Amino acid sequence: MYSVLIVGSGNRIQNNFLPALNCLKEHFKIIGVYSRTEHKRNAVAQKWGIPSVADLAKFDFSQINLVIMSITLKNNKQVLQKLAPYSSNLILVIDTPVLPLKDLEAIKLLNRFKKVVVTEDFMNFPQFNLMREFVKDNHLGKLQKIHLDQSGYKYHGLALIRSFVNFKAILYSRKISSSSENISLDYRFINGVQGCIIEPYKRLDGTITLTGSQGILTTENVEIDSTSNSRSVYKIKEVWENEKFQGFMIEGKGVSFPSQVPFYDRLKSLSEQNNSHFNILKTCGLIQVFQSLLNTNIHSKYTMLDGLYDQFVSSLARKYNPFFDFLGLNFKLKLYLKSLEL
């Protein structure tokens, strides 16, 4: 059982974190919620029936083993400094983006914790989990390209792409086009896989297409002429019955690959949260993050280093064209974190 202190009281905490923890309450017990805004903190505490913590300096940290942080980026370092005296006995779950890019020294504070989990829940959306399983089962052959057309952005999109290649570091990135509203980025990996992100992000209205040596998997709103190539074409779609969401299904050429979405109905019934379809899928992704503390899943492989890497690289890819990682930013970050342990 994890005993939890929540730091933050904004929409993300109310609409995603607390509903996710409610679904896993047999494993996570919330001891208190802290934020600097008293009326919001007390409102959250009252609504969810949890203690309100007014002052971290007076809080008994011996009663918890897990801290969840979801606050504004500029305040992360300040709170981490307050947690520092107790950090060696605490697991930290911290929301993205982790730290301001200009403040690498703050990584020292993160490195003091027993463990750090970055809540990159976007790549854990149920439909993406199903697509990874489909690729793993070799329906597409050797994966060649992951194309996100208005269905991913910045570090979230890069994390999703990397989740299909076992979180390998990029070889280089190339900016295809860029304007104040639109950007197109290509990422290349050492195994030859190409990732592409086209922004702006349009949530569930965007498309994702995976191309392999033997097949193509895409969302149902993408038209592909299967007669023009030798690859089999598969579509992923939402399944609804009597206006009730049932899960996702991949279909095509003799294949029926279904997946239910655990906790969806339970989340839908919670009046305390935003229970729109998109927000529930987001919370399901966050549940996967918390379940990585209980069992091995895709997020178990996603380390603090990965969170920082995606944040840094997606920013550098926008600034430099092309951006090469031949020198291994991933490796340098590892060395830097190792040096902080000395």
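This briefing describes the fold, the two sheets and the cysteines of one protein chain. The model is predicted. The protein chain has 10 helices and 16 strands. Its strands include those of an open sheet of 10 strands with mixed pairing and those of an open sheet of 6 strands with parallel pairing.

**Overall dimensions and packing**

- A compact globule of 342 residues would have a radius of gyration near 20 Å, and the value of 21 Å for the protein chain agrees with this.
- Taken along the principal axes, the box filled by the C-alpha atoms is roughly 70 × 55 × 40 Å.
- Of the 342 residues, 55% count as buried.
- Among contacts with a separation of 6 or more, 64% come from residues 24 or more positions apart.
- The exposed area of the protein chain is about 16,100 Å², of which carbon and sulfur atoms supply 48%.

**The sheet of 10 strands**

- The strand order in this open sheet is 15-14-13-12-11-7-10-9-8-16.
- Strand 15 (255–259) and strand 16 (323–324) stand at the edges; each has a single partner strand, so one side of each is left without a neighbour in the sheet.
- Helix 5 (residues 126–136) packs on the sheet and touches strand 7 (143–149), strand 11 (207–212), strand 12, strand 13, strand 14 (244–252) and strand 15. The direction of helix 5 makes about 25 degrees with that of strand 14.
- Strand 12 (residues 215–219) and strand 13 (residues 232–241) run parallel and are joined by 5 bridges. Within this pairing, Ile216 has Val233 of strand 13 as its bridge partner.

**Strand 11 and its neighbours**

- Strand 11 is largely enclosed by the rest of the structure, because 6 of its 6 residues are buried.
- In a regular strand, side chains alternate between the two faces of the sheet.
- Both faces of strand 11 are covered, with Thr207, Thr209 and Thr211 buried on one side and Ile208, Leu210 and Gly212 buried on the other.
- Strand 7 is joined to strand 11 by 6 bridges, and the two run antiparallel. Lys145 has Thr211 as its bridge partner in strand 11.
- The pairing of strand 11 with strand 12 is also antiparallel, over 3 bridges. Here Leu210 stands opposite Leu217 of strand 12.
- Strand 11 and strand 12 form a hairpin, with 2 residues between them.

**The sheet of 6 strands**

- This open sheet has the strand order 3-2-1-4-5-6.
- Its edge strands are strand 3 (52–53) and strand 6 (115–118), each of which pairs on one side only.
- Helix 1 (residues 11–23) packs on this sheet, where it touches strand 1, strand 2 and strand 4 (66–69). The direction of helix 1 makes about 175 degrees with that of strand 1.
- Strand 1 (residues 2–7) pairs with strand 2 (residues 28–34) in the parallel sense over 6 bridges. Leu5 has Gly32 as its bridge partner in strand 2.

**Cysteines**

- The structure holds 0 disulfides.
- Cys284 is in no disulfide; the nearest cysteine sulfur, that of Cys23, is 7.5 Å away.
- A residue counts as buried under 20% relative accessible area. Cys284, at 6% relative accessibility, therefore counts as buried.
- Cys196 likewise counts as buried, at 5% relative accessibility.

Notes. Residues numbered from 1 in each chain as written. Predicted model: local features only at pLDDT ≥ 70, side-chain atom pairs only at ≥ 80, totals over all residues. Heavy atoms only, no water. Pairing = 2+ DSSP bridges. Helix = DSSP H or I, 4+ residues; strand = E, 2+ residues; numbered from the N terminus. Contact = heavy atoms within 4.5 Å. Axes fitted to C-alpha atoms, helices over the stretch in contact; angles between N-to-C directions. Buried < 20%, exposed > 50% of the residue type's maximum accessible area, 1.4 Å probe, protein only. Rg over C-alpha atoms; globule rule 2.2 N^0.38 Å. Areas by Shrake-Rupley, 256 points an atom, 1.4 Å probe, with all protein chains shown as cover. Disulfide = S-S within 2.5 Å.
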